Amino acid sequence: MSKRVAIVGIGCSGFRTTSTDLSYREMIFEAATKCYEDAGGIHPQSIDSFVASSEDFMEGISIADEYVPDQLGAVLKPVQSIAGDSLQGLASALMQIKTGQQSIVATSAFSKVSNLSHYEKVAAYATDPAYIRPLKEHPYFIAGLEMNRYLHESFSTREQCARVVMKNRYNALSNPRAVYGAKVTLEDVTCAEPVSEPLGQFDISGHLDGAIVILLASEEKALEMTANPVWIKGVGWATDTPNLDSRREGLGGALYAKLAADKAYEMANIKSPVNEIDFAEIDDTFSYKELQHLEALQMCGFGEAGKLLEMGCFEPGGDLPVNVSGGSLGAGYLHEANGLQKVMETALQLRGEAGKNQLAGVETGLAFAWRGIPTATGTAVVLSNRL
Amino acid sequence: MRKVAIVGAGLTKFVRRALETPKELSFEATKTALDSCGLSLDDIDCVAHGSAPDAFDGIHQKGEYLADGCGGWNKPTMRVYVGGATGVHAVVHGWHHVASGMFDICLVVCEEKMSNAMPHAQGFFLTIFDAITERALHPNLLWIFALEMNRYMERYGYTKEDMALAAVNNKRNGLLHPSSQFKDEITVEDVLNSETMAYPVSRLDVSPVSDGAAAVVLAAEPVARRLTDKPVWIEGVGWTLDTAYWATRDLYYPRYLDKAARMAYEMAGIREPDKQINIAEPYDPFDYKALHHMEGLQLSPRGKTVELLRDGHFARDGNLPMCPSGGLLGVGNPIAAAGVMKICELFWQLRGEAGERQVPGDPRLGVAQAWGDLMQVSSVVVTGI
Amino acid sequence: MSEKIQVSGGTALSEEDIRSGNIFVTEDSLDCAYAWDMGVAIKRYLAELKEGRIIATECRKCKRIMLPPRLFCELCFIPCNSWRYVKDTGTINTFSICHVHWDASRIKEGEDPHLPAVIEIDGASDGMGIMHILGEVEPEKIKIGMKVKAVWKPKAKRTGSITDIKYFKPL
């Protein structure tokens, strides 16, 4: 495991709630062009391998990996698709470099969710066809169940969840890539239309179109290509089960996040995550998820996240800034591209390129993505600007 | 580069319609593979699994659904897909897990249950075509194979009879495979007289629709040597995806496979594949594809493959046995599982455990390949003992 | 060693098993609707088809005239802004005579087979083809290398779709 790997290029298309002017190919071309330019203006011909992350039903295309190569400049190159969150795609790219067979690997993901008439229907198709789907419930009922159980077990409150929304959407106001920036009040969230109580409309992140391409390179190449590499210190991913009745620790916790983080911290040689990680961009698909994930990622003890949030600990000026970019609640939800959005925002902070949202003196950040309901799969990545 | 070996393998039977659910099929193959090398799930560090289009099962995020059937419960589990090439590619994906140094033991599992799709799995292939410029023509999957087969035959003056020889060879081999869904030998005449589906493709030129699963266990060198005295090493891996504008390239030659094979051979240090390799498992969803792929794999000179086939060069007892498993034509085609089935075949053949199917002469080096998407992707794995 | 178990599971069902109702199934019919954004290049392509013309883009670097048109050259990896009309004639690169519908059902007695082909369009770079169908031709007379010409729908019936070309017929 001697080979170290760094992020050497970052590019994204403009994120928008709809993108009727561009095809997904044209959108990805924009992100890829920016990424390759960011990496010193390389031509994709000099990239060894490519990894995309996608799911067929989101695109309305079977075997959607067919359409990956052209807009990445990857024709006749090693290309594979991961049916997973783009952080799993990033992990696959990292492994490829660590084998020694590849030196430079691009990883990409996009969302064109605006082209899909009913995301909820597709999400429902991910539940068990024999004993969940026939219930014909809106799939967000699972989030309602999880949230209720989490609040019950952790003694976190409904209001604390609402404060996650307030924080993240406020943070988004100063991030030019974020779309859902707003000053919302506690009442806005708690009095919003219920979806699956206690989950309300404002607890759910809004959908977004966009493409992200991130370029990874081996240590040797990274030092040649860029003056500000961001090192991938650790990565871990884990799957519990999408079966609601078989999760090892029930619906209140996020065991997948704990297992993923354990592996990432071990690889990054992090003994005390609270002390060694400066900031985090972690999944907040639903408001309660940020609190639940913070605890599972060992950023605080179980049941502490809500109180720490109220104390301002996770604000940009707090001890552990969380989702300074606005997170999914503030920046928007990019489906399988979520993970790369979190890595992008983390890496920009570590490069000192986060603009108005820039945190001072940060060295190590954590990115964590969850695949959304009904899954129990998450991926954690530890990034640092120090080798 | 860290050495990685295959140490265990398991298959289900391939059948037209299975009683088991996708998860249960995955479980059967996974358990058999674990038992074959005396491991339990606790010994497994991670799961690399694969399945081609979700539409067959009508399950979104099918990898998540399959995870516990594949032994992925509470483990790092990651699903890869490259269309029809997924099976062999899942082994490449598993190799990434172990060769990277991040994991010591990886389970590779592929499953496909095509019978879930009603009325016929083929209907779901409409959605592989370009949504705007091609789907309006109501294409079906057979079109593209027929177009490629016709171009290939035209280029070298091959006849339908020539192509049928490959079907006969593979189906005969498959009769000896315990997973095979076929019982009867066929002749060239049977192929020629079978229903014309999309000229030049007749029904017996095509592999069947199947349900099935397959699994192998990969281990890093020291672990592999501890687990077995006959590890089968992954010597080389390669994969390539060509342009999605498939109608803009000449279909007579699989240039994507040419590149993927060269990548794998370079890693394996193979300079003369046609002389050094003892067993070939080219991807054969259609009979012509076996021959087309032998050329792309650099195992047969372009345009000379039929001649070599006629001379017995590719028979089980020939110089370079082609699809001794029976391939997709002879065993069945549960898409991703069929690719892993080819890797299983190399594993058993190189260990001398292929029973009646055993290739004579103590084979040392084998290659397996799979192909898919819009005739544009190939994955190649070279194994050796 | 060869007596080791290599195969387990995969229990075959027969038609009778299913007919007799001994097998439980749960049925669902997927209902997903999509409206794909065409983007810049394909939007122009379809708009021109509606006018009875085929348009391509040219890469300023490699000079390929590409069909279908695209906003970028995937090989040079630069944007393409040069539009070029190409002819509505071409050469059959390969073809098939298909007796099966898209859902694998067979065409009926008396119904004509589908005639898909890859047609290299005149005026585009060598080998630049599109998939389309052939018409006004006896299936057994189709040959690779045959020259063909587009047969357009009447202007009023064109919708801005690849099917605005009804089919290609021998020239």
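**Figure 1. Chain A as a whole.** In this predicted model, chain A folds into 15 helices and 11 strands. Picture a box around its C-alpha trace: along the principal axes the trace spans about 50 × 45 × 40 Å. How does the radius of gyration of chain A fit with that of a compact globule? For 387 residues, such a globule would come out near 21 Å, and chain A has 19 Å, which agrees. Of those 387 residues, 67% count as buried. Now look at who touches whom: among contacts in chain A between residues at least 6 apart in sequence, 77% join residues at least 24 apart.

**Figure 2. A close look at Thr185(A).** Here we zoom in on a loop of chain A, the one between helix H7 (158-172) and helix H8 (186-190), where Thr185(A) has its place. Is Thr185(A) buried or exposed? Thr185(A) is exposed, because just 10 other C-beta atoms lie within 10 Å, and a residue with 12 or fewer gets that label. While you're here, find Asn175(A), 10 residues away from Thr185(A) along the chain. The C-alpha atoms of these two residues are separated by 20 Å.

**Figure 3. Where chains A and B meet.** This view shows 52 residues of chain B in contact with 53 residues of chain A. Several elements of chain B each supply at least two residues to the side that touches chain A: helix H2 (62-66), strand E3 (77-81), helix H3 (86-99), strand E8 (232-241) and helix H8 (255-268). Which of them gives the largest share? That's E3(B), with 5 residues. Sort the residues on this side of chain B by class and you get 26 nonpolar, 17 polar and 9 charged.

**Figure 4. Two strands across the A–B contact.** Zoom in further and you'll see strand E3 (residues 79-82) of chain A alongside E3(B). The two run antiparallel, and 2 bridges join them. For a landmark, look for Ile82(A), which stands opposite Val80(B).

**Figure 5. Where chains B and C meet.** This contact takes 56 residues from chain B and 44 residues from chain C. On the chain C side, strand E6 (89-95), E7, strand E8 (116-121) and strand E9 (129-133) each supply at least two residues. E9(C) gives the most, with 5 residues. By class, the side of chain C that touches chain B has 24 nonpolar, 16 polar and 4 charged residues.

**Figure 6. A sheet shared by chains B and C.** Follow the strands in order and you'll read E6(B)-E5(B)-E7(C), an open sheet of 3 strands with antiparallel pairing. Which strands sit at the edges? They are strand E6 (201-202) of chain B and strand E7 (97-98) of chain C, each pairing on one side only. Strand E5 (residues 196-199) of chain B is joined to E6(B) by 2 bridges, and here Thr196(B) stands opposite Ser202(B). Another 2 bridges join E5(B) to E7(C), where the bridge partner of Tyr199(B) is Ile97(C).

**Figure 7. A helix lying across the shared sheet.** Finally, add helix H4 (residues 141-156) of chain B to the picture. H4(B) lies across E5 and E6 of chain B together with E7 of chain C. What angle does this helix make with E5(B)? H4(B) runs at about 60 degrees to E5(B).

Methods. Residues are numbered from 1 along each chain as its sequence is written. Chains are lettered from A and ligands numbered from 1 in the order in which they are written. This is a predicted model: local features need pLDDT of at least 70, side-chain atom pairs count only at pLDDT 80 or more; totals for chains, interfaces and linings use all residues. Helices (H or I, at least four residues) and strands (E, at least two) are DSSP runs, numbered from the N terminus. A residue is buried if 20 or more other C-beta atoms lie within 10 Å of its own, exposed if 12 or fewer, and partly exposed in between; C-beta atoms are placed from the backbone. Two strands pair if DSSP finds at least two bridges between them. Two residues are in contact if their C-beta atoms, placed from the backbone, lie within 7 Å. Axes are lines fitted to C-alpha atoms, for helices over the stretch in contact, and angles run from 0 to 180 degrees between N-to-C directions. Ala, Val, Leu, Ile, Met, Phe, Trp, Tyr, Cys and Pro count as nonpolar, Asp, Glu, Lys and Arg as charged, and the others, Gly among them, as polar. The radius of gyration is taken over C-alpha atoms; the globule rule is 2.2 Å times the number of residues to the power 0.38.
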